[in-house]
Amino acid sequence: MSEVWAIKHRPSFKTMAGASQNEVVSYLRTITKEDESPSLPHLLFHGPAGVGKTSMAHAFADHLDTTLHVYNASSKATRGIEFIEKELIPIARSGIDCLILLDEADQITKSAQMALKGVLENCSCTFILTCNNSSGLIEPLKSRCQTFAFTPINGGECLVALHGILLEENVALGDGGAFVMNSILDSHEGDLRSMVNALQTYVSILREQGDKKALSFIENMQGAFSCDKFIEHINDKDFTKALKLMDSVADIRNTLNVIMTHTISKGANMNVVSHIVTAYRDLQFGMPEPIVRAGFCRSMVLSAPLYV
């Protein structure tokens with residue numbers, strides 16, 4: 001599989017899209033001027049999915065030319081006190097200056113959040129917490145962070161970003177390009193990451209299966225399948241719910257493509273690719289779709305957590 005565009009084309013401070021996002025860039029530039037030795041505050045980025053919270057953390061690490069340690073709290077293995085004690089504390093109190101990104105921090109248990117509060121008070125690094133809804137975080141933890149609300153990115157800026165990616169990838173959409181782009185914008189309003197994933201999936205289907213299949217993907221894009229919900233079921237090792245969601249889609253091949261692009265763009269382990277390749281192979285050999293769907297979901301559950 002080609003490199004995931006949402007990762008390959010992550011924005012820098014210079015190319016960050018969104019009004020609220022650029023306010024954060026301005027703040028981070030100000031506190032890290034070259035002629036100063038900044039004492040960096042811990043940061044909390046909250047807002048809907050796909051609006052640049054994780055990308056901002058990566059861009060900040062690049063701006064500082066420092067190491068970014070990335071963790072995702074969406075699985076049971078990274079929600080408790082044991083995770084704080086065994087994974088975070090050794091890095092946070094190592095004396096090494098670095099950034100620690102904790103995605104979906106609102107998924108951490110309340111007792112683990114209290115433990116994390118203590119870590120933030122006595123560590124050598126800077127934490128960046130992200131979440132969709134800050135109400136899931138305890139007040140003592142939020143009060144120890146400089147908080148920024150990320151808002152959905154407007155359609156014009158999203159369109160500029162998508163056209164920039166197509167230009168870098170040397171892709172021309174042709175006469176139907178306006179319909180494709182508008183459909184992607186309408187289906188994923190404000191969520192630039194999902195737009196990039198959808199665009200890559202469309203281009204991949206267009207190249208491999210032709211116009212008709214690619215158009216079918218665009219027309220069905222507003223279907224019931226939710227990658228985020230599917231991943232949540234997988235990370236919770238809930239085979240029944242994952243399979244039920246998988247059974248809700250008509251085109252399993254396009255759905256597998258969407259899952260691959262989405263999960264890898266969010267840092268999933270590479271077992272995902274192996275399971276998807278196996279599912280494609282089984283379909284090619286004529287195995288019944290219900291068996292392929294069940295086998296795929298079972299393999300994914302056995303590989304959970306997807307984020308390591």
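Begin by selecting Glu232 and Lys229, whose side chains form a salt bridge in which the closest N and O atoms are 3.6 Å apart. What you have on screen is a predicted model, and the tour should be read with that in mind. Glu232 and Lys229 both belong to helix H11, which covers residues 227–235, and because they are three residues apart they are separated by about one helical turn. In general, an α-helix has 3.6 residues a turn, so residues three or four places apart point the same way. Colour the pair by accessibility and you will find that Glu232 is partly exposed, with a relative accessible area of 37%, and that Lys229 is partly exposed as well, also with a relative accessible area of 37%.

Next, select helix H5, residues 110–121, and show the side chains of Lys117 and Glu121, which lie four residues apart in this helix, about one turn. These two side chains meet in a salt bridge, with a distance of 3.5 Å from N to O. Which of the two partners is buried, and which is partly exposed? Lys117 is buried, since its relative accessible area is 15% and buried means under 20%, whereas Glu121 is partly exposed, with a relative accessible area of 46%.

Now move along the chain to Arg281 and Asp282, which form a salt bridge whose closest N and O atoms are 3.1 Å apart. Arg281 counts as partly exposed, at 43% relative accessibility, while Asp282 counts as buried, at 14% relative accessibility. Keep the salt bridges on display and add Arg144 to the selection, for Lys117, Glu121 and Arg144 are joined into one network by salt bridges that share partners. A search of the whole structure finds eight salt bridges, including the ones between Glu232 and Lys229, between Lys117 and Glu121, and between Arg281 and Asp282.

Helix H8 is the next stop, and residues 177–187 are the ones to select. Which residues of this helix are buried? They are Gly177, Val180, Met181, Ser183, Ile184 and Leu185. To see what covers them, add helix H7 (155–168), helix H9 (192–209) and helix H10 (211–219), which are among the elements that do so.

For a look at a loop, select Gly95, which lies between helix H4 (81–92) and strand S3 (99–103). Gly95 is exposed, with a relative accessible area of 59%. If you draw a distance from the C-alpha atom of Gly95 to that of Leu68, which is 27 residues away along the chain, the viewer should give 15 Å.

Finally, zoom out until the whole protein is in view, with its 15 helices and five strands. Along the principal axes, the C-alpha atoms fill a box of roughly 60 × 40 × 30 Å. A compact globule of 308 residues would have a radius of gyration near 19 Å, and the protein, at 20 Å, agrees with this. Of the 308 residues, 50% are buried. Turn on the surface, and you are looking at about 14,700 Å² of exposed area, of which carbon and sulfur atoms supply 51%. Among contacts between residues at least 6 apart in sequence, 75% join residues at least 24 apart. Colouring by charge, as a last step, brings up 27 positive and 34 negative side chains, and the centres of these two sets lie 6 Å apart.

How values were computed:
Residues are numbered from 1 along each chain as its sequence is written. This is a predicted model: local features need pLDDT of at least 70, side-chain atom pairs count only at pLDDT 80 or more; totals for chains, interfaces and linings use all residues. Side-chain values use heavy atoms; hydrogens and water are left out. Helices (H or I, at least four residues) and strands (E, at least two) are DSSP runs, numbered from the N terminus. The radius of gyration is taken over C-alpha atoms; the globule rule is 2.2 Å times the number of residues to the power 0.38. Buried means under 20% relative accessible area, exposed over 50%, partly exposed in between (1.4 Å probe, protein chains only). Contact means heavy atoms within 4.5 Å. Accessible areas come from the Shrake-Rupley method with a 1.4 Å probe; for residues, only the protein chains shown count as cover. Lys and Arg count as positive and Asp and Glu as negative; His and the chain ends are not counted. The place of a charge is taken as NZ of Lys, CZ of Arg, CG of Asp or CD of Glu. A salt bridge is a side-chain nitrogen of Lys or Arg within 4 Å of a carboxyl oxygen of Asp or Glu.
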